[in-house]
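Here are my notes on this one, written as a few numbered points. Have the structure open while you read, and go through them in order.

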Amino acid sequence: MSIVIQKFGGTSVGNEASRKRVVERIIEKKKKGHNIVVVVSAIGRRGDPYSTDSLLSLIKTKYSNKRDLDLLMGCGEIISSVVLSNLLNQKGFESQALTGGQAGIITDENYGNSEVLSVNKDNILNKLTNDNIIVVTGFQGITSKGDITTLGRGGSDITAVLLGEALKAEFVEIYTDVDGIMTADPRIVLDAQVIDEICYEDLYNMAENGAKVIHPKAVEIAERSNIKIKIRNTLNNSKGTIVLRREKAKNNMPKIINSITYKDGKTQIIINNKKNNKNIQQLINLFTKSNISIDLISISLETNMFTIDDKDVTLAIKILSENGYNYSLNRDCCKISIVGHKMKGIPGIMSRILKSVYKENIQILQTSDSHSSIWILVKTKDTIKATKSLHKEFNLGKK
Ligand code: ADP
Ligand code: MG
């Protein structure tokens with residue numbers, strides 16, 4: 001039995017017209033003889049009535065019961081799975097909606113960002129026949145005790161690829177509102193190009209560094225089980241991006257630089273060593289104990305600098321003050337990534353990065369690098385200008 005997983009993101013099911021396209025996509029594949037498992041996200045984005053953010057906004061005060069919060073967040077996907085299943089029914093196809101738990105997705109109890117422990121495929125396989133399309137609520141699982149959990153932002157991608165793995169699907173299609181994974185976010189770089197073929201490793205780097213489209217964990221799962229992924233636009237027939245092993249790619253000589261991505265919502269913390277008698281390692285330990293993740297660490301004799309996510313700033317300030325650190329904060333920062341392959345040590349790249357950013361009179365607050373990325377930290381207000389300029393400098397745009 002050939003199984004295909006089709007995942008539709010929030011914007012793909014955002015209104016009646018796009019839901020009509022989604023149904024057409026499913027029926028097209030069905031008619032080719034595949035058995036279809038659909039994974040669906042909550043309807044729409046921030047502001048739309050049943051989106052995850054809108055559901056969360058119903059609770060005004062900070063709510064500490066994370067278990068209940070997951071119950072609330074899980075509603076968005078349940079609603080959209082039933083709406084979609086119903087539309088398929090109206091078109092004359094048998095279908096059934098399943099919650100994450102009913103689809104066999106068992107997680108730990110880390111509410112809000114649960115880890116999937118196992119996938120029990122029996123229920124889906126029992127229900128999946130040539131005549132029955134299964135619509136699974138994305139982003140959701142269940143603990144062994146029966147509590148609903150969620151998998152973190154972008155978690156529907158994880159659901160889709162995990163089901164692809166468990167059901168030995170022929171391929172997994174990720175449908176979204178852009179034509180594939182691109183050399184930059186097309187919302188800010190108008191001449192960004194679709195990357196037709198990409199290997200798991202490069203896609204992971206892009207996803208990890210902020211190219212939304214697919215969750216990095218989903219890419220990791222696909223790589224470990226060699227699952228073929230296609231990223232496509234729900235609304236048009238463009239070819240999209242195919243994800244495969246590097247050795248299978250048409251062009252297996254990867255580009256040194258393939259994209260510019262960014263992650264917003266960062267705060268830089270600067271510790272002046274002359275004014276502190278505590279060492280940085282103690283501070284990092286304190287942050288680790290409080291689950292604050294630290295990025296872009298740069299240590300020198302005079303100053304230590306690193307970044308944290310904005311959501312952790314209040315807790316970080318408390319830790320810094322209670323432990324008597326002398327520090328300064330630089331809020332509203334954005335980490336821009338120049339993503340590629342084996343770029344470390346290649347002469348000239350850093351100087352081109354600096355040239356293209358300074359040309360726009362943008363200040364670089366910090367840099368760091370690895371073999372597959374160079375990161376620069378800038379103020380959020382400079383993100384668009386810097387991204388555009390870097391994209392141009394490395395000739396990534398449409399020719
Ligand atoms: P979905 O609701 O389908 O899960 P996401 O918002 O998670 O959609 O991902 C799609 C969005 O990712 C696009 O609308 C686009 O603006 C953004 N994006 C950011 N970086 C990239 C990139 N490099 N290539 C394509 N899209 C990108
Ligand atoms: Mg997404």
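1. How many salt bridges does the rule find across the interface of domain 1 and domain 2? The count is zero. Keep in mind that this is a predicted model.

2. Let's back up and place the two parts. The domain assignment splits the chain into domain 1 (3-252) and domain 2 (259-393). Their C-alpha centres sit 31 Å apart.

3. Now for the contact between them. On one side, 17 residues of domain 1 take part, and they touch 18 residues of domain 2. People often describe the size of an interface by the accessible area lost when the parts come together. Here, the area buried between domain 1 and domain 2 is about 1,300 Å², with carbon and sulfur atoms giving 54% of it. On the domain 1 side, Thr183, Ile188 and Asn209 lose the most area to domain 2, and together they make up 44% of what that side buries.

4. So what does the interface have in the way of polar pairs? Nine residue pairs are in polar contact across the interface of domain 1 and domain 2, both residues being at pLDDT 80 or more. Sorted by class, the side of domain 1 that touches domain 2 has seven nonpolar, four polar and six charged residues. Charged residues are there on that side, yet the salt-bridge count across the interface stays at zero.

5. Next, have a look at ligand 1. It is surrounded by 20 residues, and the closest are Arg45, Thr176, Asp177, Asp185 and Arg187. That shell is made up of nine nonpolar, five polar and six charged residues.

6. Three side chains are worth clicking on. Arg45 has a side-chain N or O atom 2.6 Å from an oxygen atom of ligand 1. For Thr176, a polar side-chain atom lies 2.7 Å from a ligand 1 oxygen, and for Lys7 the corresponding distance is 3.2 Å. On its own ligand 1 would expose 570 Å², and the protein buries 91% of that.

Key: Residues numbered from 1 in each chain as written. Chains lettered and ligands numbered in written order. Predicted model: local features only at pLDDT ≥ 70, side-chain atom pairs only at ≥ 80, totals over all residues. Heavy atoms only, no water. Domains from an automatic or database assignment. Contact = heavy atoms within 4.5 Å. Buried area = accessible area lost by both parts, 1.4 Å probe. Salt bridge = Lys/Arg side-chain N within 4 Å of Asp/Glu carboxyl O. Polar contact = N/O pair within 3.5 Å; in protein donor to acceptor, adjacent residues only side chain to side chain. Nonpolar A, V, L, I, M, F, W, Y, C, P; charged D, E, K, R; others polar. Near = heavy atom within 4 Å. Areas by Shrake-Rupley, 256 points an atom, 1.4 Å probe, with all protein chains shown as cover.
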